[in-house]
Amino acid sequence: QVQLVESGGGSVQAGGSLRLSCAASGYTFSSYCMGWFRQAPGKEREAVATIYSGGGSTHYYYADSVKGRFTNSQDNAKNTLYLQMNELKPEDAAMYYCAADPDIRACLYGGNWRSEFGLWGQGTQVTVSS
């Protein structure tokens, strides 16, 4: 059974850090495009970061709003995706979701392909106080 389980959310003050984890099971983790999305109340879901490693290179995407502050990484031996979030701002507060898809175009081409992720975790809440 394919499963994504997020953890690591919590409450921090602005300027603080959190590391989210996404434990994957039931599929070949390293061959999938992986991503982090977030959704705040009253707002649309947005892609935060994606990652795909293959063909000797790693493809990264970061939303402009998190560039330089968030780092996406994966440990294939542990089937785990991470999102290190530093210098958190109140506007980063949201429910964060881990996502995966065997179609790597979501990671390679971005854009509308990021709406095609088919596997989702249940989410982990991040709260940032000012």
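1. Two strands count as a pair if DSSP finds at least two bridges between them. By that rule, in this predicted model, strand β3 (residues 18–25) and strand β8 (residues 80–85) are paired in the antiparallel sense, with six bridges between them. One position along this pairing can be checked directly in the structure: Leu18 stands opposite Met85, a residue of β8.

2. The pair of β3 and β8 belongs to an open sheet of four strands, whose order is β1-β3-β8-β7 and whose pairing is antiparallel. The edges of this sheet are formed by β1 (3–7) and β7 (70–75), each of which pairs on one side only. On average, and with direction ignored, neighbouring strands of the sheet are turned by 15 degrees against each other. As background for reading such an arrangement, the strands of a sheet pair through backbone hydrogen bonds, and they do so in either a parallel or an antiparallel way.

3. A further set of pairings involves β4, β5 and β6. Strand β4 (residues 33–39) pairs with strand β5 (residues 46–54) in the antiparallel sense over five bridges, and within this pairing Phe37 stands opposite Ala47 in β5. β5 is in turn joined to strand β6 (residues 57–62) by six bridges, and these two strands also run antiparallel; here the bridge partner of Ile51 is Tyr60 in β6.

4. Both connections are hairpins, and each contains a glycine that deserves a look when the backbone is inspected. The hairpin of β4 and β5 has six residues between the strands, and Gly42 in this hairpin takes a positive phi near 80 degrees. The hairpin of β5 and β6 has two residues between its strands, and Gly55 in the turn has a positive phi of about 60 degrees.

5. Is Arg38, a charged residue in strand β4, buried or exposed? Its relative accessibility is 5%, and since buried means under 20%, Arg38 counts as buried. The side chain of Arg38 makes a polar contact of 3.3 Å with the side chain of Ser65, and another, of 2.9 Å, with the side chain of Tyr96. With residues up to four places away in sequence not counted, the residues that Arg38 touches include Glu44, Glu46, Glu91 and Asp92, as well as Val48, Val66, Phe70 and Met95.

6. Tyr96, the partner of Arg38 in one of those polar contacts, is also a member of the largest nonpolar core, which has 29 residues. Within that core, Met34, Leu83, Met85 and Tyr96 touch the most other members. At least two residues of the core come from each of β3, β4, β5, β8, β9 (94–101) and β11 (124–129). Beyond its neighbours within four places in sequence, Tyr96 is in contact with residues including Leu20, Leu83, Met85, Phe70 and Val126. Apart from the largest core lies another core, of eight residues, among them Cys33, Phe37, Ala47 and Tyr52.

7. The aromatic rings form five pairs, and two of these can be set side by side. A pair of aromatic rings is described by the distance of the centres and the angle of the planes. For Tyr60 and Tyr62 the centres are 6.3 Å apart and the planes stand at 10 degrees, so the pair is stacked; Tyr60 is partly exposed, at 49% relative accessible area, whereas Tyr62 is buried, at 18%. For Phe117 and Trp120 the centres are 6.4 Å apart and the planes stand at 65 degrees, so this pair is edge-to-face. Phe117 is buried, with a relative accessible area of 5%, while Trp120 is partly exposed at 28%. Phe117 and Trp120 also belong, with Phe37, to one aromatic cluster.

8. A last point concerns Leu119, which has its place in strand β10 (residues 119–120) and is partly exposed at 22% relative accessibility. Which residues does Leu119 contact when its neighbours within four places in sequence are left aside? They are Val2, Leu4, Tyr32, Cys98, Ala99 and Ala100. From C-alpha to C-alpha, Leu119 and Pro102 are 9.2 Å apart in space, with a separation of 17 residues in sequence.

Conventions. Residues are numbered from 1 along each chain as its sequence is written. This is a predicted model: local features need pLDDT of at least 70, side-chain atom pairs count only at pLDDT 80 or more; totals for chains, interfaces and linings use all residues. Side-chain values use heavy atoms; hydrogens and water are left out. Axes are lines fitted to C-alpha atoms, for helices over the stretch in contact, and angles run from 0 to 180 degrees between N-to-C directions. Buried means under 20% relative accessible area, exposed over 50%, partly exposed in between (1.4 Å probe, protein chains only). A polar contact is a pair of N or O atoms within 3.5 Å; within protein, one must be able to donate a hydrogen and the other to accept it, and residues adjacent in sequence count only if both atoms are side-chain atoms. Contact means heavy atoms within 4.5 Å. A nonpolar core is a set of buried Ala, Val, Leu, Ile, Met, Phe, Trp, Tyr and Cys residues joined through side-chain atoms within 4.5 Å. Rings of Phe, Tyr and Trp (its six-membered ring) pair if their centres lie within 6.5 Å; planes under 30 degrees apart count as stacked, over 60 as edge-to-face and the rest as tilted.
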